[in-house]
Amino acid sequence: MADKNNGNGGLFFVGVLVGSAIGVVTGLLVAPRSGKETRRILQKSAQALPELAEDLTTTMQLQADRLSESARRNWDDTLIRLKEAVTAGIEASQSIATDNPFPDSQESPQGDNQHSNHY
């Protein structure tokens with residue numbers, strides 16, 4: 001159950017990056033500056049976008065790797081439980097077969113013969 005919470009940190013970071021980018025652009029467009037100064041700031045922001053995109057890509061790749069590892073662990077755990085269940089089922093069926101080696105015969109497990117002739 002703790003694995004589910006580990007993925008939220010990466011998503012939060014992605015949200016912070018995207019929200020920051022949107023906030024910067026909005027702030028620049030609304031701020032009372034001259035057109036020349038605003039264009040200069042937008043140009044610097046545009047130059048920072050490749051680094052932001054690289055950070056975002058790296059974060060998403062790490063998140064995908066974590067999810068993949070979590071899925072693999074869950075699959076491995078499921079396979080282990082399935083193997084244990086199959087083994088338990090085989091052992092139980094063998095135990096039943098050992099307790100009554102002649103299930104189709106008319107003899108009871110105590111050895112009483114129900115078809116004995118009492119003449």
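Me: In which helix is threonine 38 found?

Reply: This is a predicted model, and in it threonine 38 is found in helix H2. That helix covers residues 35-99, and the protein chain as a whole has two helices and zero strands.

Me: Is threonine 38 buried or exposed, and which residues does it touch once those up to four places away in sequence are left aside?

Reply: The general idea is to compare the relative accessible area with a cut-off, buried being under 20%. Threonine 38 has 12% relative accessibility, and therefore it counts as buried. Leaving out residues up to four places away in sequence, threonine 38 touches Leu28 and Arg33. For leucine 28 there is also a backbone distance to read, since its C-alpha atom is separated from that of threonine 38 by 6.5 Å, although the two residues are ten apart along the chain.

Me: What share of the 119 residues in the protein chain is buried, and what does the accessible surface come to?

Reply: Buried residues make up 9% of the 119 residues. The accessible surface of the protein chain comes to about 9900 Å², and carbon and sulfur atoms account for 60% of that surface.

Me: Which residue pairs, separated along the chain, can I use to relate one helix to the other by C-alpha distances?

Reply: The idea is to set the separation in sequence beside the separation in space, and two pairs serve here. Glycine 15, which is found in helix H1, and leucine 56 are 41 residues apart in sequence, while their C-alpha atoms are 9.7 Å apart in space. In the other pair, leucine 62, placed in helix H2, and glycine 10 are 52 residues apart along the chain, with their C-alpha atoms separated by 7.9 Å. As for accessibility, glycine 15 is partly exposed at 39%, and leucine 62 is likewise partly exposed, at 44%.

Me: How many salt bridges are there, and what is the general idea behind such a pairing?

Reply: Side chains of opposite charge can pair when their charged atoms come close. To count such a pair as a salt bridge, a side-chain nitrogen of Lys or Arg has to lie within 4 Å of a carboxyl oxygen of Asp or Glu, and by this rule the count comes to three.

Me: Which salt bridges does glutamate 69 form, and where do its partners lie in the helix?

Reply: Glutamate 69 meets arginine 72 in a salt bridge with an N to O distance of 2.7 Å, and these two residues are three apart in helix H2, which means that about one helical turn separates them. Glutamate 69 also forms a salt bridge with arginine 73, where the closest N and O atoms are 3.7 Å apart; here both residues lie in helix H2, four residues apart, again about one turn of the helix.

Me: What does arginine 72 pair with besides glutamate 69, and into what do the salt bridges join these residues?

Reply: Arginine 72 forms a salt bridge with aspartate 76, and the closest N and O atoms are 2.6 Å apart. Since arginine 72 and aspartate 76 are four residues apart in helix H2, about one helical turn separates them. Salt bridges that share partners thus join Glu69, Arg72, Arg73 and Asp76 into one network. Each member counts as partly exposed: arginine 72 at 44% relative accessibility, arginine 73 at 33%, glutamate 69 at 32% and aspartate 76 at 29%.

Me: Which residues form a nonpolar patch on the surface?

Reply: Val25, Leu29 and Val30 form such a patch, and together they have about 300 Å² of accessible area. To read one member in detail, valine 30 lies in helix H1, which covers residues 2-30. Exposed means a relative accessible area over 50%, so valine 30, at 64%, is exposed.

Technical notes
Residues are numbered from 1 along each chain as its sequence is written. This is a predicted model: local features need pLDDT of at least 70, side-chain atom pairs count only at pLDDT 80 or more; totals for chains, interfaces and linings use all residues. Side-chain values use heavy atoms; hydrogens and water are left out. Patches are made of residues with over 30% relative accessible area and no salt bridge: like charges are joined within 9 Å, nonpolar side chains (Val, Leu, Ile, Met, Phe, Trp, Tyr) within 5 Å. Accessible areas come from the Shrake-Rupley method with a 1.4 Å probe; for residues, only the protein chains shown count as cover. Buried means under 20% relative accessible area, exposed over 50%, partly exposed in between (1.4 Å probe, protein chains only). Contact means heavy atoms within 4.5 Å.
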